[in-house]
Amino acid sequence: CKLLCGVMSLLFRPAGYLSGLIDVGYAWVKRRSSNQGDVQPARFFTDGWGDFDKLEKCEDVVKRAIADGQLPPLFPTQKALVLGKGENEDSDLCLEEYVFNSPIESFLPEVSKKGFFRVVKPKENNAIANAVVVHLAATGDQFYAFRRKLLADKLARNGIINILIMVPFYGTRRPQDQTKHYVRNVSDYLIASTGCMVEGAAVARWAQDFYKLPVILTGMSFGGAMATCASLMVKGPLGLVPCVASASPKVLVTGILSSEVQWHSLMPAASGASSDQSSKELLAQTKAKLLQIFSDRDLEHVVDSKGRELNRQWSIDSTDGGPKVCTCIAALHDSFVPPEAAEELFGKVKCWISPEYFQSHWINGGHVTAMGLAGINFVPSILEVRDSLLKVVGAGTAQ
């Protein structure tokens with residue numbers, strides 16, 4: 001058996017490396033396509049650093065609300081369903097659309113103040129639904145079709161109600177002067193991230209009350225990181241499945257997405273460098289500054305010490321809530337979220353998940369192939385977490 005496993009590992013290893021090269025090729029094609037027909041290529045942070053006073057006020061408001069257990073409740077209302085590009089209405093599934101006021105609307109641009117989410121569920125959900133999965137968006141995933149096709153439709157056919165959130169600065173919430181998903185300055189990017197995790201937590205709390213079913217937070221890449229942050233703000237029992245995710249946004253500096261940052265827009269404000277400093281030195285200083293800003297906003301800094309203790313009560317101690325069940329998934333040859341960044345996420349999540357409820361899985365391949373094969377790579381783990389949650393809440397094994 002060991003010999004067979006060794007042979008299989010050797011056979012699959014080259015395919016994994018090849019999948020990692022697909023990440024590089026995908027990033028190259030993406031850069032090329034963003035340059036076509038544009039006066040200036042689409043990049044992150046074309047307007048520089050932004051308003052950090054506003055960012056810090058936003059983060060302080062959120063941290064205080066979490067520490068006091070007073071995250072604002074959500075009151076979504078159902079609205080007319082409008083299918084997006086690439087979407088269809090399957091006969092065995094039911095689609096609904098909801099609108100809500102963002103808990104951090106005072107810090108968002110006008111077009112982002114109202115949030116939206118799409119529900120994808122079994123047609124006869126009252127009879128067969130057994131859990132709710134809240135999906136947060138990956139970088140660039142502005143609408144619903146991608147998450148529906150790869151994850152939600154498959155999960156719905158396994159009796160799961162899916163909630164797909166359109167996050168701030170994306171889709172119909174995107175400012176008019178923003179190109180695609182490329183947020184124009186660093187502070188707005190971090191405010192958008194804060195909004196994403198707070199809205200994810202608020203929607204998960206609403207789903208717990210509304211559906212009276214176990215809830216799981218998940219997402220791929222950036223969405224997985226935001227789902228992990230959101231889980232800190234929700235009482236257990238709760239499921240968490242971050243897929244090819246990191247513990248902080250610093251992968252935007254250390255990973256392959258670094259090539260999509262407009263560095264020269266950040267360089268003038270990076271230091272008081274004299275004119276004889278080389279552009280290479282300026283770039284290194286700028287990257288170091290952004291890396292520090294992003295590192296200061298990892299999982300450990302989403303909440304303060306009081307908030308961390310409250311989360312512990314909601315999960316490991318179970319003095320107010322129930323256990324949190326987590327499976328983290330990472331790719332061995334990922335160029336977007338390097339393996340060391342995934343390991344960092346695993347280590348931080350373990351701090352508030354009881355060992356008996358924590359698993360980590362490594363899959364062969366890179367970031368792009370992992371997401372493209374989400375039905376194979378991620379759906380089984382989500383279903384396993386669902387089954388574990390059902391046992392925890394005494395509902396028995398899912399059918």
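Visitor: How many salt bridges does the structure hold?

Guide: There are 13 salt bridges in it, and please keep in mind that this is a predicted model.

Visitor: What makes D153 and R148 a salt bridge?

Guide: The closest N and O atoms of D153 and R148 are 3.0 Å apart. The cut-off is a Lys or Arg side-chain nitrogen within 4 Å of an Asp or Glu carboxyl oxygen, so this pair counts.

Visitor: Are D153 and R148 buried or exposed?

Guide: Both D153 and R148 are buried.

Visitor: How do you know that E344 and K250 form a salt bridge?

Guide: Their side chains meet at 3.4 Å, N to O, and the limit is 4 Å, so the pair qualifies. The two residues come from distant parts of the chain, 94 residues apart. E344 lies in helix 12 (residues 339-349), while K250 sits in the loop between strand 7 (238-243) and helix 7 (251-254).

Visitor: Why is E344 called partly exposed?

Guide: E344 has a relative accessible area of 24%. Buried would need a value under 20% and exposed one over 50%, so E344 falls in between.

Visitor: And what makes K250 partly exposed?

Guide: The relative accessible area of K250 is 21%. That is not under 20%, so K250 does not count as buried, and it is not over 50% either.

Visitor: How do you know that R386 and D387 meet in a salt bridge?

Guide: The N to O distance between the side chains of R386 and D387 is 2.7 Å, which is within 4 Å, so the definition is met.

Visitor: Why is R386 called buried, and why is D387 called partly exposed?

Guide: R386 has a relative accessible area of 5%, and being under 20% makes it buried. D387 has 22%, so it lies between the cut-offs of 20% and 50% and counts as partly exposed. Elsewhere, salt bridges with shared partners join D47, D177 and R184 into one network.

Visitor: Now to the helices. Why is helix 5 called roughly parallel to helix 9?

Guide: Helix 5 (residues 186-211) and helix 9 (residues 279-295) pack at an angle of about 20°, with axes 12 Å apart. Angles under 35 degrees count as roughly parallel, so helix 5 and helix 9 earn that description. Their crossing is right-handed.

Visitor: Which residues make the contact of helix 5 with helix 9, and of what class are they?

Guide: Helix 5 brings V186, Y189 and L190, and helix 9 brings L290, I293 and F294. By class, this contact has six nonpolar, no polar and no charged residues.

Visitor: Why are helix 4 and helix 15 called oblique?

Guide: The axes of helix 4 (residues 145-156) and helix 15 (residues 379-392) cross at roughly 40° and come within 10 Å. Roughly parallel would need an angle under 35 degrees, and roughly perpendicular starts at 65, so helix 4 and helix 15 are oblique to each other. Their crossing is right-handed.

Visitor: What makes up the contact of helix 4 with helix 15?

Guide: L150, L151, K154 and L155 come from helix 4, and V379, I382 and L383 from helix 15. They divide into six nonpolar, no polar and one charged. Lys counts as charged, so K154 is the charged one.

Visitor: How many helices and strands does the chain have?

Guide: The chain has 15 helices and nine strands, and 55% of its 399 residues count as buried.

Terms used:
Residues are numbered from 1 along each chain as its sequence is written. This is a predicted model: local features need pLDDT of at least 70, side-chain atom pairs count only at pLDDT 80 or more; totals for chains, interfaces and linings use all residues. Side-chain values use heavy atoms; hydrogens and water are left out. Axes are lines fitted to C-alpha atoms, for helices over the stretch in contact, and angles run from 0 to 180 degrees between N-to-C directions. Helices (H or I, at least four residues) and strands (E, at least two) are DSSP runs, numbered from the N terminus. Angles under 35 degrees count as roughly parallel, over 145 as roughly antiparallel, 65 to 115 as roughly perpendicular and the rest as oblique. A crossing is left-handed if the near helix is turned anticlockwise from the far one by less than a right angle, and right-handed if clockwise. Contact means heavy atoms within 4.5 Å. Buried means under 20% relative accessible area, exposed over 50%, partly exposed in between (1.4 Å probe, protein chains only).
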